[in-house]
Amino acid sequence: APIPATTVVDLFEAQVARTPGATALTTGEVDLTYDELDARANQVARHLIGRGVGPESVVAVVLERGVDLVVSLLGVIKAGAAYLPIDPAYPAGRIAYVIADSGAACVLTGEDMRPRLPEFEIDARVPVVMVDAPEVRARPGTRPAVALRPRHPMWVIYTSGSTGRPKGVLVEHHAIVNFLLSMQDSFALTPDDRLLAVSTHGCDMAGFEFYLPLVTGARVVLATQDQVLDPWALRALIRSTGATMAHATPSLWRGLIADAGDPVDWTRIRAMIGAEALPPDLAHTMLARTPALTNLYGPTETTVWSTAKELAGPGPDVSSIGVPIANTQVYVLDDTLQPVAPGVPGELYIAGDGMARGYLGRPSLTSARFVACPFGPDGARMYRTGDVVRWTAAGELQYVGRSDDQVKIRGFRVELGEIEAVLAAHPRVTQAVALVREDVPGDRRLVAYVVPGGDTDGLAQEVRAAAQDRLPGYMVPAAVVVIDRLPLMPNGKLDRKALPAPGVTTEERVTHWDVTSITAGLCEAFAEVLGLDSVGVDDDFFALGGHSLLAVRLVERLRRSGVTIAVRDLFVAPTVAELMKRMTLSSVRDALDVLLPIRVEGEREPFFCIHAAGGLSWCYMPLARHAQPGIPLYGVQARGLDGTTEFAGSIREMAADYIEQIRSVQPHGPYHLLGWSYGGGIAHEIAVQLRTAGEEVAALVLLDQYPWVPDQDTGEEEHGDDPDAALERQMDIVRWQAGNGFGAATEEEIRTFARLLRNHRKLRRGFEHGRFDGDVLLVVAEEGRPDETPRPELWRPYVTGEIAVASIPCTHYEIAKPDTLAEVWSAVSGWLRLDG
């Protein structure tokens, strides 16, 4: 259909006239009607015009996601100019480059960005406008007179460049109008629709999310940056706003749709997905939950999306990218620009009304990628995508791969050459190669290989740090591997298959272990998500290869264990030690239940690991790595940790309570019990009570614990000691420990821990052990033992069977460290013949 001779500004203002009082934008706690949004954008436009901005000008917009961002983008195009959207999270050097390279006539930002402006090295001749300044708000809210035409540019989007520098794609109103009208023909938004906007405003996917609702009377639900990084927050936003359409990358959809325990009614939501290959498992999951799933494809150079495929049924072809949208032509050609037969792979070329003008200030590059189209009228152009596709018998396009070194990472187009150029610029590097590895299925990571020019000490860290300074986060390699030389095939080409998988050695980082059980649990979660053997408290999540999607995975992993942090917390505090300083007891409220699931999967009898005097069982989390597959693991934790339930009144009462909890998982024996320190004494009493009840106890493992002496002096409240003073002394100890644990613990939380510790010491004082009818494994910590250390024989009166002893070269407090637990489990496994 012919495209009307109009602009996006005209389409928006026509919608304002139709529904002035309807809500146009919702973000945070703010709602703006169409009339209010239009008036604020007009104020910005008038101010920019007063600064000399107009058609063919470029305005750099540097703002966080929020009302001012949408107001500013509309204000720029109402002034007749094209906007250059810049995500403030990008490195300052890259921001400075794109501002300078675009020839921006003005920089539009806000007061909260003022401290960072010197980093962007803005030319003194380029005015900086604060969108929230009083002089902008003082402008009239009526439409300014601007001679804006369909062939004037509307946006400049910078994409990765193979030469080492990003390039700006200049797109006109004509192309964007064609795109929006075609999308409306296909998806027909109504004033009742609410589109969830999650794409970064630095890429053109945001153009769909911002403008399709605003030219059809629907509502933009703009997620904040914190919400975009947090699937739970996004799901809450979907529920609270009644979103009816969501448009995102497969990577983001994977986090959204994993909503067990936080369900969303996806039957109300039209799902749209694009920007990277659609994984079959994700497609099947989404089709089972949503009424419609559309797979979209298109490069920035042909305006957001160029083809679309509606997926349906039990076995859809997820490699299909469908058919072209309106006024778009697609060609599958061979090396001589001749069409290939159906089923034969060829390179995809795109022509039609969605074509960008070209690359800003790059005429030679424009002519190389936007070539003459031999299938259209004189002067027609087509864009060479570099994507390899084939026609199906049904007349649809099927994606095959790339013809060059361009890749997609988390929805972003990445030229490996740009990364390699940055790496090779390091003075200590002679050669550099970047590639995408998928050593773990579904986990695609950028990995860099560098050949040193001399000394290699600290080179990997230096090179990665240099990449972080110059490249956006999605382009920073997850790992940098230093190798002596690049492996070559007989023809002299790089042998990519011979490049080693990245690994983290102990020489590459300094690991410091903290004894606290919560810390050990966090370290274990970091290691699991990153695919490493171990992670120390001072190891940076992102320096070890983490990125935003792995951060989401880590937060999900921690939530399953009862620890609540936001993804933004991880960006601010990327080490376990720093996270602990920000955490309070409420951060782990869900991990304070009596029964703590560590590994619930498995067909064999579970192990129940009893807490030490502190009441927590988090120290046992690393056992999930060491225990044989098929053995479930549960921690058993003290009541009262949450500050609301009562403490146990006696050891026997405590053991009986724990047996009830254990039986909720395993009603009958044989039972397997393990306890470290104070937990060993409780585990023994649990075993005694279970045997008295006629249950079989197949394993009782005591980690460096010996029988308590009745009426043992605990050093508290003796000889008329003031109970309050004793509690204060205990709180001082907990405060000191909190410096290494919960750095943000409140006084009430510290008091709860102190009272719990005090109660546990009191309970053991008058306790007398029963006699366990069975065998025991006593794991002895050999180091740091004073001469009067208790001997294993002390258990003889309380055990009828054999007392096996396994010695571990560690101190009492090191026995629950993650690395030592490997030796502990080896002893347990050997004793029980678990591998037999």
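1. A residue counts as buried when its relative accessible area is under 20%, and as exposed when that area is over 50%; anything in between is partly exposed. Trp-795 has a relative accessible area of 0%, so Trp-795 is buried. Tyr-798 has 22% relative accessibility and therefore counts as partly exposed. Please keep in mind that this is a predicted model.

2. How do the rings of Trp-795 and Tyr-798 pair? Edge-to-face: the ring centres are 6.3 Å apart, and the planes stand at 85° to each other. The buried partner here is Trp-795, while Tyr-798 is partly exposed.

3. Aromatic pairs in the model number 15. One of them joins Phe-370 and Tyr-383, with ring centres 5.1 Å apart. Their planes meet at 45°, so this pair counts as tilted. The pair ties together distant parts of the chain, as Phe-370 and Tyr-383 are 13 residues apart. Phe-370 belongs to strand E19 (residues 370-372). Tyr-383 belongs to strand E20 (residues 381-391).

4. Are Phe-370 and Tyr-383 buried or exposed? Both are buried. These two residues also join Tyr-359 in one aromatic cluster.

5. His-426 deserves a look. This residue sits in the loop that runs between helix H13 (416-424) and strand E24 (429-440). Its relative accessibility is 11%, so His-426 counts as buried despite the loop setting. Which residues does His-426 contact, leaving aside neighbours within four places in sequence? They are Leu-459, Glu-462, Val-463 and Ala-466.

6. Now the N-terminal helices. Helix H1 (residues 8-18) and helix H2 (residues 34-50) have axes that come within 9 Å and cross at roughly 135°. H1 is therefore oblique to H2. The handedness of this crossing is left-handed. H1 supplies Phe-12, Glu-13, Gln-15 and Val-16 to the contact. H2 supplies Tyr-34, Asp-35, Leu-37, Asp-38 and Asn-42. By type, the contact residues are four nonpolar, two polar and three charged.

7. H2 also meets helix H3 (residues 67-78). The axes of H2 and H3 come within 7 Å, crossing at roughly 55°. The two helices are therefore oblique to each other. Here the crossing is right-handed. From H2 the contact takes Leu-37, Asp-38, Arg-40, Ala-41, Asn-42, Val-44, Ala-45 and Leu-48. From H3 it takes Val-67, Asp-68, Val-70, Val-71, Leu-74, Gly-75, Val-76 and Lys-78. Ten of these residues are nonpolar, two are polar and four are charged.

8. Compare the residue lists for H2. Leu-37, Asp-38 and Asn-42 appear in the contact with H1, and Leu-37, Asp-38 and Asn-42 appear again in the contact with H3.

9. A further helix pair is H6 (residues 173-187) with H7 (residues 205-214). Their axes come within 10 Å and cross at roughly 70°. Angles from 65 to 115 degrees count as roughly perpendicular, so H6 is roughly perpendicular to H7. On the H6 side the contact uses Phe-179, Leu-180, Met-183 and Gln-184. On the H7 side it uses Gly-207, Phe-208, Tyr-211 and Leu-212. What is the division by residue type? Six are nonpolar, two are polar and none is charged.

Key: Residues numbered from 1 in each chain as written. Predicted model: local features only at pLDDT ≥ 70, side-chain atom pairs only at ≥ 80, totals over all residues. Heavy atoms only, no water. Axes fitted to C-alpha atoms, helices over the stretch in contact; angles between N-to-C directions. Helix = DSSP H or I, 4+ residues; strand = E, 2+ residues; numbered from the N terminus. Parallel < 35°, antiparallel > 145°, perpendicular 65-115°, else oblique. Left-handed = near helix turned anticlockwise from the far one by under 90°. Contact = heavy atoms within 4.5 Å. Nonpolar A, V, L, I, M, F, W, Y, C, P; charged D, E, K, R; others polar. Phe/Tyr/Trp six-rings, centres within 6.5 Å; stacked < 30°, edge-to-face > 60°. Buried < 20%, exposed > 50% of the residue type's maximum accessible area, 1.4 Å probe, protein only.
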